[in-house]
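Welcome to this short guided tour. Please open the model in your viewer and keep the selection tool ready; each stop tells you what to pick next and what you will find there.

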Amino acid sequence: MALLAVVASSTAHAQVTVSGAWARATVPNQSATGAFMRLTAQKDVVLTGASSPVAGIVEVHEMSMDKGIMRMRAADRVPLKAGQTIELKSGGLHIMMMDLKKQFKAGERVPLTLSFTASDGSVSTVEANATAGFAPLAR
């Protein structure tokens, strides 16, 4: 119950709602995977990072095509305007989890924490626990 209160308080402070969070299930010894979700901001914030106890490195990434070649790079700051929903999805912005410490089997919970910075400089986190699977969750 205390943990639920902490998560609720973080979500209220961050003013960001996470929905449809899922992470691509992995095979044994796979070292990286992606996590995807929708983020809706109630006030202007910037997504500044992510972390997980089951991955050594977690970054917000942006995928793009450049002359027919897929390019992926870290996105240090993703602004969210009040009332805006952005979708972190395959082929665009997403969470990249690398140096995985375990296999993610379909249906398992994947702990993930997102960090946001507000215009006043305050930093907050939101638990975006994803469900491992091979496709997006039904809306």
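**Stop 1: the salt bridge**

Begin with the charged side chains, where the count comes to one salt bridge, a term that stands here for a side-chain nitrogen of Lys or Arg within 4 Å of a carboxyl oxygen of Asp or Glu. Select lysine 102 and glutamate 108: their side chains meet in that salt bridge, at 3.4 Å from N to O. Lysine 102 is partly exposed, with a relative accessible area of 38%, and glutamate 108 is partly exposed too, at 25%. On this scale, buried means under 20% relative accessible area, exposed means over 50%, and partly exposed lies in between (1.4 Å probe, protein chains only).

A word on what you are viewing: this is a predicted model, in which local features need pLDDT of at least 70 and side-chain atom pairs count only at pLDDT 80 or more, while totals for chains, interfaces and linings use all residues. Residues are numbered from 1 along each chain as its sequence is written, and side-chain values use heavy atoms, with hydrogens and water left out.

**Stop 2: the whole chain**

Now switch to a cartoon view. The protein chain has one helix and 12 strands; helices (H or I, at least four residues) and strands (E, at least two) are DSSP runs, numbered from the N terminus. Reading along the sequence gives the pattern α-β-β-β-β-β-β-β-β-β-β-β-β. Of the 139 residues in the protein chain, 39% are buried. Among contacts (heavy atoms within 4.5 Å) between residues at least 6 apart in sequence, 70% join residues at least 24 apart.

**Stop 3: strand β2 and its partners**

Select residues 32-41, which form strand β2. Eight of the 10 residues of β2 are buried, so this strand is largely enclosed by the rest of the structure. Which strands pair with it? Two strands count as paired if DSSP finds at least two bridges between them. Try these partners one at a time:

- Strand β1 (residues 16-24) runs antiparallel to β2 and is joined to it by six bridges; valine 18 has leucine 39 as its bridge partner in β2.
- Strand β8 (residues 93-100) pairs with β2 in the antiparallel sense over four bridges, and alanine 35 stands opposite isoleucine 95 in β8.
- Strand β7 (residues 85-88) is also antiparallel to β2, with four bridges; here arginine 38 stands opposite glutamate 87.

While you are in β2, pick glycine 34. Glycine 34 is buried, with a relative accessible area of 7%. Its C-alpha atom is separated by 4.7 Å from that of methionine 96, although the two residues are 62 residues apart along the chain. Beyond its neighbours within four places in sequence, glycine 34 is in contact with Trp22, Ala23, Arg24 and Ile95.

**Stop 4: the nonpolar core**

In soluble globular proteins, nonpolar side chains tend to be buried together. A nonpolar core is a set of buried Ala, Val, Leu, Ile, Met, Phe, Trp, Tyr and Cys residues joined through side-chain atoms within 4.5 Å. Select Met37, Leu39, Leu47, Ile95, Met97, Leu114 and Phe116: of the 33 residues in the largest core, these touch the most other members. Strand β2 gives the most to this core, with four residues.

Zoom in on leucine 47. Outside its neighbours within four places in sequence, its contacts include Leu39, Val60, Val78, Leu80, Leu88, Leu114 and Phe116.

**Stop 5: the open sheet**

Next, show the four strands of an open sheet in the order β6-β3-β10-β11, which pair antiparallel. β6 (78-80) and β11 (123-127) stand at the edges, each with a single partner strand, so one side of each has no neighbour in the sheet. From one strand to the next, the twist averages 35°, an angle between N-to-C directions that runs from 0 to 180 degrees, with axes as lines fitted to C-alpha atoms.

Inside this sheet, β3 (residues 45-51) and β10 (residues 113-118) form an antiparallel pair over six bridges. Serine 51 has threonine 113 as its bridge partner in β10.

**Stop 6: a loop serine**

Finish at serine 52, in the loop between β3 and β4 (55-66). Is serine 52 buried or exposed? Serine 52 is buried, with a relative accessible area of 10%. Not counting residues up to four places away in sequence, serine 52 touches Val58, Met97, Pro111 and Leu112.
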